[in-house]
Amino acid sequence: MITSTEQIQTTHFAVTARGLSKTYGRGETAVAALKGIDISFPAGKFTAIMGPSGSGKSTLMHCLAGLDTATSGTIHLGGTELTGLSDKLLTQLRRDRIGFVFQAFNLVPTLTAEDNITLPVALAGGTVDKEWFTFITTTLGLTERLAHKPHELSGGQQQRVAVARALLTRPQVVFGDEPTGNLDSRAGAEVLGMLRRSSREMGQSIIMVTHDPVAAAYADRVVLMSDGELVGELANPTAESVMAALATLGA
Ligand code: ADP
């Protein structure tokens with residue numbers, strides 16, 4: 001049931017930020033990393049965040065994902081306002097409603113691929129939806145690799161395990177932080193293709209920070225940052241259109 005106007009405005013977006021500012025430090029050494037960002041990420045879409053180094057991409061992602069707190073402004077995850085939640089509730093919300101895929105695969109070396117994928121559900125005391133597990137691991141081409149430990153897998157396979165782990169809880173949004181940064185271009189293309197499929201075929205909302213125009217071209221939309229501000233966006237990006245847009249920012 002819709003209980004407030006705020007929910008009506010925010011639920012068809014996976015994530016919404018209003019007037020988001022983040023300043024590191026104080027006084028003369030203060031750095032304004034985000035300067036009043038207004039942005040909405042539509043549910044079910046794959047968005048890439050790009051911009052020159054130091055433009056505030058990581059800070060924005062960390063604030064949106066509840067890993068860092070903003071100095072001012074509001075963030076909604078679906079109908080839930082993140083700003084002002086206690087650390088305990090934020091931790092719970094990250095666990096239950098957000099998936100992460102980092103540059104480092106962050107797999108537990110002693111566990112099989114299958115156990116790595118189900119670990120967050122196990123830690124949360126939940127039960128694995130077996131059909132969904134099979135669907136995800138089949139889609140990601142991991143069926144033959146489930147009994148392997150991370151060191152027996154290629155980098156691309158390890159990152160696909162990390163993607164499966166992120167998708168298993170059916171999170172409201174998956175955040176990717178340079179998810180192909182440690183992969184060669186072929187393995188990177190595989191992982192990005194899988195992320196795009198999970199958005200198109202499973203309706204997964206994805207927000208990815210990358211500096212790679214080829215990676216960004218897998219997204220439905222690219223938003224461009226410069227010096228803590230949003231300075232533009234591209235729909236249906238190609239590597240060429242992204243590179244041209246970045247060139248105008250001096251990246
Ligand atoms: P990007 O991800 O686009 O490279 P960041 O979000 O990492 O940009 O950084 C934005 C700005 O905030 C930069 O000027 C950076 O030096 C500064 N910054 C980031 N993290 C910190 C921090 N923990 N302490 C102080 N300054 C920081």
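Here's a quick rundown of the ligand site and of one residue, Asn116. Keep in mind that the model is predicted. In short, the ligand is ringed by residues that include Ser55, Lys57 and Thr59, while Asn116 sits in helix α4.

**Who's around the ligand**
- Starting from the low numbers, you'll find Tyr24, Val31, Ala33 and Pro52 among the residues around the ligand.
- The run Ser53, Gly54, Ser55, Gly56, Lys57, Ser58 and Thr59 is also part of that shell.
- Sorted by class, the shell has six polar residues, four nonpolar and one charged.
- Two elements, β2 (31-42) and α2 (57-64), each chip in at least two shell residues.
- Helix α2 gives the largest share, with three residues.

**Polar contacts to ligand oxygens**
- The side chain of Thr59 puts an N or O atom 2.6 Å from an oxygen atom of the ligand.
- For the side chain of Lys57, the N or O atom to ligand oxygen distance is 2.9 Å.
- Ser55 uses its backbone instead: an N or O atom there lies 3.1 Å from a ligand oxygen.
- As for coverage, the ligand on its own has 550 Å² of accessible area, and the protein covers 57% of that.

**Asn116**
- Look for Asn116 in helix α4, which spans residues 113-123.
- Asn116 counts as buried because its relative accessibility is 0%, and the cut-off for buried is under 20%.
- Leaving out residues up to four places away in sequence, Asn116 touches Leu107, Val108 and Leu111, along with Pro150, Val161 and Arg165.

Note on methods: Residues are numbered from 1 along each chain as its sequence is written. This is a predicted model: local features need pLDDT of at least 70, side-chain atom pairs count only at pLDDT 80 or more; totals for chains, interfaces and linings use all residues. Side-chain values use heavy atoms; hydrogens and water are left out. Helices (H or I, at least four residues) and strands (E, at least two) are DSSP runs, numbered from the N terminus. Buried means under 20% relative accessible area, exposed over 50%, partly exposed in between (1.4 Å probe, protein chains only). Contact means heavy atoms within 4.5 Å. A residue is near a molecule or strand if one of its heavy atoms lies within 4 Å of it. A polar contact is a pair of N or O atoms within 3.5 Å; within protein, one must be able to donate a hydrogen and the other to accept it, and residues adjacent in sequence count only if both atoms are side-chain atoms. Accessible areas come from the Shrake-Rupley method with a 1.4 Å probe; for residues, only the protein chains shown count as cover. Ala, Val, Leu, Ile, Met, Phe, Trp, Tyr, Cys and Pro count as nonpolar, Asp, Glu, Lys and Arg as charged, and the others, Gly among them, as polar.
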